[in-house]
Amino acid sequence: MNALSSAVLRYSPLLILALCWEAAARSGLFSSSSLPPLSAIALAWVDLARSGDLTGNTLASLWRTGAGLGLAIVIGAVLGFAMAFWRGAETALSPVVELFYPLPKSALIPVTALWLGFGDGSKILLICMGCMLPVTMGAFNGALSADRTLLWSARSLGASRLRSMWDVVLPSAVPELLNGIRTALALSFVLLVSSELIVSREGLGYLIGFLGSNGTYESMFAVVLTVAFIGFLADQLFESFVRRILAWRD
Amino acid sequence: MLLNKQERAGAGVWHEHTSMSGIVVEGLRHLYRPKRGAPVLALEDVTLSVGDQEFIALLGPSGCGKSTLLYLMGGFLPVETGLITMDGAPVAGPGPDRGVVFQHFALFPWKTVLQNVLYGLERQPLARGEREARALAFIKMVGLSGFENNYPSQLSGGMKQRAAIARTLAIDPKALLMDEPFGALDAQTRHLMQTELLAIWRRSPKTVIFVTHDVQEAVYLAERIVVMSARPGRIKEIVTVGLDKADPELTRSSAFAQMSDHVWSLVRDEAIKAQAGVGP
């Protein structure tokens, strides 16, 4: 009960914002197409959910983000650790990483569409490519941040060189790696929605574009808020996962 | 050569040992190569013989290479010129025969106290129950019973160092290499830990190499004090302490004060030189 009331208190600014929205929309200061009342948006959301459009497109989008992000995490972490452990990998990869790190990843949307078409493949590839580098950087920097006295301790307690890498460098890298993954998670939603808006026939981004161009603005807002909520939920879930993993940090 | 003679005479007072047992350092020279800038001569012509179960302090100002010497003995840095042997065998890497305690504890932060102490035991051919019992016994010995499942971040500095000492002692190393282990602790905790270390050493004697820049600490703990000079690190003199460590009034005795004064007079010049940043 206490946790619930503190959560209510914590998110009360959102409630106030929602009330302001409703009041502003009903005041007649804005046209109903540019700012429909929240209540109308809620009704539109229910309609969308009943029709099955929302569920289908949400599942399509979640599959794309999940697959793209999953691949990005696996490949990115392997590359980052390889760069940290093996000088050859660092020499070969660091110029590539330096060049592509600042690239706005949305520039790759037409490229992946050209390669793989309008379907899932191009979105998954885009999200994978776009989200990989923050994970790589996290794994690389995290592995390098391992304290040498921890490695020495492991060795002098009887661990082999390889064993001490596994037991010390990998866990030392986890906090930085998780930071990189969190950045990647946020980035994946940006890439998902923008690519679906531009080159897609399915997904939440596509639905937003479709409803917007049809002039059904209540429904469009409903999908926008759904995307916001999914992003929020994903971040919260990830946060609680991180808290559990890093419980030792206090 | 003069240092050699002094040092051998000193060793003979306390321990009769063959040249095969204990830790022997011969003609050691070490270049420290920073990532940028020119290499620095960290140690030059260091020759030292530490007897089995002897308690030695390496004393000197910061930058005299005393920690480097310890790391070389630990096998963490490669020996390039000279030789270090442990019981006659050249040191060629870290090993569980030489347990190490670092100034900043070096506990695995993602492991609990118990998991930390178990880490070395898991690398030994022991049954699971035996490992657990041994770990718990050492945790109890250092007074951390009840904190087995705490993470290092939940412990005070003194408790962290106790846990680190338990972790090292649990694998029963022949030698204990300690790098300013009490340097990060407050004065009261430091004094308690010194007393406990002596008690542990008396109960289960081991060869101890104890790096410190604290003269009183060196005189209180060690049988012999290796005073080092700075830049490059050389052995300036080896002092045989010869005080009764079991005497509870030791630190208030005039013999203790005289010995501290003597050692301090040896260290002072080096500390001034080290501060001025010039070699001898």
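**Exercise 1. Determine how far apart the C-alpha centres of domain 1 and domain 2 of chain B lie, and describe the contact between these domains.**

The C-alpha centres of domain 1 and domain 2 of chain B are 26 Å apart, in a model that is predicted. The bounds, which come from an automatic or database domain assignment, place residues 2–97 + 173–276 of chain B in domain 1 and residues 108–172 in domain 2. To the contact, domain 1 of chain B gives nine residues and domain 2 of chain B gives seven residues, where two residues are in contact if their C-beta atoms, placed from the backbone, lie within 7 Å. On the side of domain 1 of chain B that touches domain 2 of chain B, the classes are eight nonpolar, one polar and no charged residues; Ala, Val, Leu, Ile, Met, Phe, Trp, Tyr, Cys and Pro count as nonpolar, Asp, Glu, Lys and Arg as charged, and the others, Gly among them, as polar.

Conventions for reading the model are as follows. Residues are numbered from 1 along each chain as its sequence is written, while chains are lettered from A and ligands numbered from 1 in the order in which they are written. As the model is predicted, local features need pLDDT of at least 70 and side-chain atom pairs count only at pLDDT 80 or more, whereas totals for chains, interfaces and linings use all residues.

**Exercise 2. Work out the strand order of the open sheet of chain B and trace its pairings.**

Begin with the order, which is S2-S1-S4-S5 in an open sheet of four strands with antiparallel pairing; strands (E, at least two residues) and helices (H or I, at least four) are DSSP runs numbered from the N terminus, and two strands pair if DSSP finds at least two bridges between them. The edges are S2 (40–50) and S5 (89–90) of chain B, each of which pairs on one side only.

Next, take S1 (residues 23–32) and S4 (residues 81–86) of chain B, which run antiparallel and are joined by five bridges. Ile23(B) stands opposite Met86(B) of S4(B), and Arg29(B) has Thr81(B) as its bridge partner in that strand.

Then follow S4(B) to S5(B), an antiparallel pair joined by two bridges, in which Thr85(B) is partnered by Pro90(B) of S5(B). Their hairpin has two residues between the strands, and Asp87(B) takes a positive phi near 50° there.

Finally, add helix H2 (residues 66–74) of chain B, which lies across S1, S2 and S4 of chain B and runs at about 120° to S1(B); axes are lines fitted to C-alpha atoms, for helices over the stretch in contact, and angles run from 0 to 180 degrees between N-to-C directions.

**Exercise 3. Describe how H4(A) and H9(A) pack, and classify the residues of their contact.**

H4 (residues 53–85) of chain A and H9 (residues 161–198) of chain A pack at about 145°, with axes 9 Å apart. The contact includes Gly68(A) and Ala72(A) of H4(A) together with Ala184(A) and Ser188(A) of H9(A), and its residues divide into twelve nonpolar, four polar and two charged.

**Exercise 4. Identify what chain A brings to its contact with chain B.**

In this contact, 14 residues of chain A meet 22 residues of chain B. Helix H8 (residues 148–156) of chain A gives the most to the chain A side, with six residues, and that side divides into six nonpolar, four polar and four charged residues.
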